[in-house]
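You asked for a quick read of this one before group meeting. Here are my notes, set out point by point.

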Amino acid sequence: MIEEQPQCPFCRRFMPEWGTPLPVKACDICDRPLFLFPSLLRKRRLNILSAIDVAKVTMLPIVGGATVSFGMGGLDPDQFAAVVAGALLAWGMIDVWDGTAGIKTEFDRVKKQVKRGSAARKMSIAKTIFGLSSIVLGSIGLLMVG
Ligand SMILES: [Zn+2]
């Protein structure tokens, strides 16, 4: 069986091997959480997804959907505020996770740009601070509506 060398979707570096029987692991190089997605079309291909990216992508339709229902009168302001606060909280936790992993490994990525060294470190510190403030804002929001 020829296995493709696993490539981290976050930092785009190749790992020597997946190295664990579990479908979830942190990248050897950038420490971001990754998981294996079963490939139906190409059995030998490792489909690796970055948990951080997937979480961010899945949150957009949730917030978008809540905004649309609120606009159409399907949600009252309290319910809408709870969704936004919850999303802020979740987004903040992802950013802190991403940021602290970046500070540790000096690997960072913004959109498709992978950065290394001090530039990555600065960006990761910014992400961590931004994430922490989102967590604070989200928690205040949830306490106020709850
Ligand atoms: Zn990586």
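The points below go from the overall layout to the helix packing and then the hairpin.

1. Bear in mind that this is a predicted model. The protein has three helices and five strands, and along the sequence they come in the order β-β-β-α-α-β-β-α. If you want a feel for the dimensions, the C-alpha atoms fill a box of roughly 55 × 40 × 25 Å along the principal axes.

2. Start with helix H1, residues 51-71. I checked its length against the usual rise: at 1.5 Å a residue, its 21 residues should span 30 Å, and the end C-alpha atoms are indeed 30 Å apart, so the two figures agree. After H1 comes Gly73, which has a positive phi near 85 degrees.

3. Next, how do H1 and H2 run relative to each other, parallel or antiparallel? Their axes come within 10 Å and cross at roughly 165 degrees, with H2 covering residues 77-105. Angles over 145 degrees count as roughly antiparallel, and the two helices are therefore roughly antiparallel to each other. The crossing of H1 and H2 is left-handed.

4. Now for who touches whom in that pair. H1 contributes Ile52, Ala55, Lys56, Met59, Ile62, Val63, Ala66 and Phe70 to the contact. From H2 come Phe80, Val83, Val84, Ala87, Ala90, Trp91, Ile94, Trp97 and Asp98. Sorted by class, this contact of H1 with H2 has 15 nonpolar residues, no polar ones and two charged ones. If you look for the charged pair in the list, they are Lys56 on H1 and Asp98 on H2.

5. H2 also packs against helix H3, residues 117-145, at an angle of about 155 degrees and with the axes 7 Å apart. That angle makes H2 roughly antiparallel to H3. Here too the crossing is left-handed. What is the make-up of the contact of H2 with H3 by class? There are 19 nonpolar, 12 polar and five charged residues in it.

6. Last, the hairpin. Strand E4 (residues 107-110) and strand E5 (residues 113-116) run antiparallel and are joined by four bridges. One of the pairings to look up on screen is Val110, whose bridge partner in E5 is Gln113. Two residues lie between the strands of this hairpin, and Lys111 takes a positive phi near 50 degrees. As a reminder when you inspect side chains, those in a regular strand alternate between the two faces of the sheet.

Note on methods: Residues numbered from 1 in each chain as written. Predicted model: local features only at pLDDT ≥ 70, side-chain atom pairs only at ≥ 80, totals over all residues. Pairing = 2+ DSSP bridges. Expected span 1.5 Å × (residues − 1). Axes fitted to C-alpha atoms, helices over the stretch in contact; angles between N-to-C directions. Parallel < 35°, antiparallel > 145°, perpendicular 65-115°, else oblique. Left-handed = near helix turned anticlockwise from the far one by under 90°. Contact = placed C-beta atoms within 7 Å.
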